[in-house]
Amino acid sequence: MQEISGKTRVVGVFGWPIEHSLSPAMHNAAFAALGLSWVYVPFPVPPDGLRKALEALPALGIVGVNLTIPHKERAMEYMHKLTPIAEAIGAINTVHCLPEGLLGDNTDGEGFFRPLQERHYEVNGKNALLVGAGGAARAVAYTLARKGVKKLTIANRTPERAEQLGEWLRARCPLLFEVEAISLDCRSHLHAVMEEAQLLVNSTSVGMYPHHEAEPPIPPEWLQPNCLVYDLVYNPMETRLLKAARARGCATIDGVQMLVWQGAAAFERWVGQSPPVATMEAAVRGKLQGV
Ligand code: NAP
């Protein structure tokens with residue numbers, strides 16, 4: 001790490017809790033690799049402190065921050081401006097302090113999409129099953145819609161939330177594609193959807209440490225080898241779902257890749273240059289192997 005001096009530029013992350021965030025290791029490894037005198041600091045910001053913490057950013061000369069649970073939606077009202085993608089998704093994960101005020105952005109969709117692009121996976125015209133309907137699902141669903149998915153099925157434990165996400169999507173991407181919302185309990189319907197799905201995305205927290213032994217949300221025996229399986233969970237890196245998918249010959253993408261690419265996009269906004277993505281990924285994987 002570079003020596004901290006009066007010239008050091010500061011970025012960071014606001015969350016509550018924040019002590020397990022992998023972002024400081026990821027960004028500080030990138031700064032070190034590029035020899036930049038920048039530092040990324042985790043800030044424990046409670047919900048009732050969010051407004052004051054955001055307002056203090058320009059006075060402290062902080063370049064920008066990431067936002068994580070529980071701030072992504074509440075922070076929108078304190079922004080001077082929103083990027084079109086943040087406005088569309090209705091949540092921000094990246095704040096940039098500009099001379100005219102705070103700019104709220106969302107890099108989750110980009111973070112989700114870049115690993116698909118890196119492997120030249122064409123979303124256009126595909127049938128996709130998205131399991132989950134929470135905050136991450138919104139960025140995923142919106143991105144898949146914009147990238148031309150043919151049919152998207154959203155399956156959630158609480159079917160009303162899947163319906164709401166479907167309605168939200170139809171309002172933003174009218175006539176673009178077919179969307180259906182179902183309950184995770186509709187097993188025969190879900191099985192039929194899986195027979196035709198070329199992309200399965202798990203955006204639920206099922207499989208996440210410390211409940212990593214939980215049954216995957218989709219039975220492994222339903223996985224077809226032509227289906228790409230993408231799990232947003234990154235701890236553990238190889239979830240039970242991904243392990244089963246690999247065993248059945250499916251291509252897989254783990255949650256570390258999305259985490260790294262959403263961070264890389266934020267880095268690029270703040271620093272104005274491309275980060276060493278492989279270094280960032282190695283830092284995250286190193287941390288996760290150590291836990
Ligand atoms: P969220 O808004 O709280 O949504 C959680 C989702 O998981 C909901 O759909 C919820 O269903 C479902 N769920 C929770 N427990 C379940 C269970 N036992 N059985 C079935 N469904 C269950 O959370 P989020 O922010 O979307 O995050 C979801 C996951 O994505 C987390 O594991 C998070 O770490 C991961 N994530 C990864 C990245 C990355 O960069 N890799 C980025 C964002 C999120 P209900 O609606 O029925 O409650």
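## Ligand shell, salt bridges and helix α4

The side chain of R161 places an N or O atom 2.8 Å from an oxygen atom of the ligand. Taken alone, the ligand exposes 920 Å², and the protein buries 75% of that area. The structure is a predicted model, and the distances and areas reported here are to be read with that in mind.

### The ligand and its surroundings

Two further polar approaches to the ligand involve the backbone rather than a side chain: a polar backbone atom of A133 lies 2.9 Å from an oxygen atom of the ligand, and a backbone N or O atom of L232 lies 3.0 Å from a nitrogen atom of the ligand. The shell around the ligand holds 21 residues, of which A136, N156, T158, R161 and G255 come nearest. R161 therefore appears both in this nearest group and in the side-chain approach described at the outset. By class, the shell has 10 nonpolar, nine polar and two charged residues. Among the helices, α5 (135-146) and α9 (255-271) each supply at least two residues of this shell, and the largest share, three residues, comes from α9.

### Salt bridges between parts of the chain

Side chains of opposite charge can pair when their charged atoms come close. The model has 13 salt bridges by the rule applied, and the table sets out three of them.

| Pair | N to O distance | Relative accessibility of each residue |
|---|---|---|
| R138 and E73 | 2.8 Å | R138 17%, E73 47% |
| D105 and R269 | 2.6 Å | D105 7%, R269 31% |
| D254 and R285 | 2.9 Å | D254 10%, R285 19% |

The side chains of R138 and E73 meet in a salt bridge of 2.8 Å. This pair links distant parts of the chain, with R138 in helix α5 and E73 in the loop between β3 (64-67) and β4 (81-82), 65 residues apart. R138 counts as buried at 17% relative accessibility, whereas E73, at 47%, counts as partly exposed.

The salt bridge between D105 and R269, at 2.6 Å from N to O, likewise links distant parts of the chain: D105 belongs to strand β6 (residues 101-105) and R269 to helix α9, 164 residues apart. D105 counts as buried, at 7% relative accessibility, while R269 is partly exposed, with a relative accessible area of 31%. The two residues also belong to a network of salt bridges that links D105, E110 and R269.

For the third pair, the side chains of D254 and R285 meet at 2.9 Å from N to O. D254 lies in the loop between β12 (252-253) and α9, and R285 lies in helix α10 (residues 277-290), so this pair ties together parts that are 31 residues apart in sequence. D254 is buried, with a relative accessible area of 10%, and R285 is buried as well, with a relative accessible area of 19%.

### T107 and helix α4

T107 is placed in the loop between β6 and α4 (108-118), and at 0% relative accessibility this residue counts as buried. Not counting residues up to four places away in sequence, T107 touches N93, T94, Q262, A265, A266 and R269. R269 in this list is the residue of helix α9 that forms the salt bridge with D105.

Within α4, the residues D108, G109, G111, F112, F113, P115 and L116 are buried. The cover over the buried residues of α4 includes α5, β10 (199-202), β11 (228-231), β12 and α9; of these, α5 and α9 are also the helices that each supply at least two residues of the shell around the ligand. Just after α4, H120 takes a positive phi of about 55 degrees.

### T8 before strand β1

T8 lies in the segment before β1 (9-15) and is buried, with a relative accessible area of 13%. The side chain of T8 takes part in a polar contact of 3.0 Å with the side chain of S37, and a polar atom of the T8 side chain lies 2.7 Å from the backbone nitrogen of S5. Leaving aside neighbours within four places in sequence, T8 is in contact with E3, S37, W38 and V39, a list in which S37 is the residue that also makes the polar contact with the side chain of T8.

Notes: Residues are numbered from 1 along each chain as its sequence is written. This is a predicted model: local features need pLDDT of at least 70, side-chain atom pairs count only at pLDDT 80 or more; totals for chains, interfaces and linings use all residues. Side-chain values use heavy atoms; hydrogens and water are left out. A residue is near a molecule or strand if one of its heavy atoms lies within 4 Å of it. A polar contact is a pair of N or O atoms within 3.5 Å; within protein, one must be able to donate a hydrogen and the other to accept it, and residues adjacent in sequence count only if both atoms are side-chain atoms. Accessible areas come from the Shrake-Rupley method with a 1.4 Å probe; for residues, only the protein chains shown count as cover. Helices (H or I, at least four residues) and strands (E, at least two) are DSSP runs, numbered from the N terminus. Ala, Val, Leu, Ile, Met, Phe, Trp, Tyr, Cys and Pro count as nonpolar, Asp, Glu, Lys and Arg as charged, and the others, Gly among them, as polar. Buried means under 20% relative accessible area, exposed over 50%, partly exposed in between (1.4 Å probe, protein chains only). Contact means heavy atoms within 4.5 Å. A salt bridge is a side-chain nitrogen of Lys or Arg within 4 Å of a carboxyl oxygen of Asp or Glu.
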